[in-house]
Amino acid sequence: MKVGAFNPSKSAIKIFTFDEGGVKVPYTCTQCNEAWCMMVCPVGAITLNTETGAKVVTEARCVGCKVCTIACPFGTINYNSDKGVVTKCDLCNGTPACVEVCPTNALTYVDADNLNSDRMQSHAEKSHASAGEVAYKTL
Ligand code: SF4
Ligand code: SF4
């Protein structure tokens with residue numbers, strides 16, 4: 001709905017498919033504190049929503065140069081060739097629609113300060129060590 005089309009290639013949320021084990025994992029913009037997409041934009045089209053922490057694209061300002069798509073280390077900002085501007089997750093003003101509609105509750109919306117990233121990293125390292133190299137592709 002956000003991009004005006006039911007089309008995975010235009011979506012602000014993507015799915016990693018891990019080939020070994022058939023595990024699928026959704027991912028989207030992490031709203032980095034040090035948001036490189038925002039820092040490199042030459043026209044100030046990406047700004048911070050101070051209430052939600054989201055980095056938000058103002059389409060009326062975006063000139064479609066795609067510099068932000070190169071700067072984002074996670075590949076979570078996309079060029080929309082129909083509109084000539086980029087799109088990204090803006091947290092739906094604090095009520096992410098993807099979380100609302102997920103039929104299996106696979107998505108949760110939590111404060112980044114509560115992520116316990118040390119435990120997550122430790123778990124990821126253990127999984128990586130036991131699984132060896134994991135190949136993946138995006139839908
Ligand atoms: S594509 Fe738009 S938002 Fe991205 S850097 Fe260029 S002007 Fe800024
Ligand atoms: S689009 Fe990329 S660089 Fe920008 S805030 Fe999201 S994850 Fe960070």
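Here are some notes on the structure above, for someone meeting it for the first time.

1. Before anything else, keep in mind that this is a predicted model. The protein has 139 residues, and 14% of them count as buried.

2. On the overall layout, you'll find 4 helices and 7 strands. If you walk along the sequence, the elements come in the order β-β-α-β-β-α-β-β-α-α-β. As for how the chain folds back on itself, take the contacts with a separation of 6 or more: 49% of these are made by residues 24 or more positions apart.

3. A good place to start looking is the pair formed by strand 1 (residues 13-18) and strand 2. The two run antiparallel and are joined by 6 bridges. Within this pairing, Phe-18 sits opposite Val-23 of strand 2. Strand 2 itself covers residues 23-28 and is hardly covered, with 0 buried residues among its 6.

4. Next, the inside. The largest nonpolar core holds 16 residues, and the members touching the most others are Cys-37, Ile-46, Cys-68 and Ile-77. This fits a broader habit: in soluble globular proteins, nonpolar side chains tend to be buried together.

5. Cys-68 deserves a look of its own. Apart from neighbours within four places in sequence, Cys-68 contacts Cys-37, Val-40, Cys-41, Ile-46, Ile-77 and Val-86. Cys-68 also turns up beside ligand 1, as one of the closest residues there.

6. Now ligand 1. Its surroundings consist of 14 residues, with Cys-41, Ala-45, Cys-62, Cys-65 and Cys-68 the closest. Sorted by class, that shell comes out as 12 nonpolar, 1 polar and 1 charged.

7. Which residues are closest to ligand 2? They are Cys-29, Cys-32, Ala-35, Cys-37 and Cys-72, out of 13 that surround the ligand. The shell here has 8 nonpolar, 3 polar and 2 charged residues. Notice Cys-37 in that list, since Cys-37 also appeared among the best-connected members of the largest nonpolar core, those that touch the most others.

8. Last, a cysteine in a loop. Cys-92 lies between strand 6 (85-88) and helix 3 (97-101). Is Cys-92 buried or exposed? The answer falls in between: Cys-92 is partly exposed, because 17 other C-beta atoms lie within 10 Å, whereas a buried residue would need 20 or more and an exposed one 12 or fewer. Along the chain, Cys-92 and Val-56 are 36 residues apart, and their C-alpha atoms are separated by 9.8 Å.

Definitions and conventions
Residues numbered from 1 in each chain as written. Chains lettered and ligands numbered in written order. Predicted model: local features only at pLDDT ≥ 70, side-chain atom pairs only at ≥ 80, totals over all residues. Near = placed C-beta within 6 Å. Nonpolar A, V, L, I, M, F, W, Y, C, P; charged D, E, K, R; others polar. Core = buried A, V, L, I, M, F, W, Y, C linked by C-beta atoms within 7 Å. Contact = placed C-beta atoms within 7 Å. Pairing = 2+ DSSP bridges.
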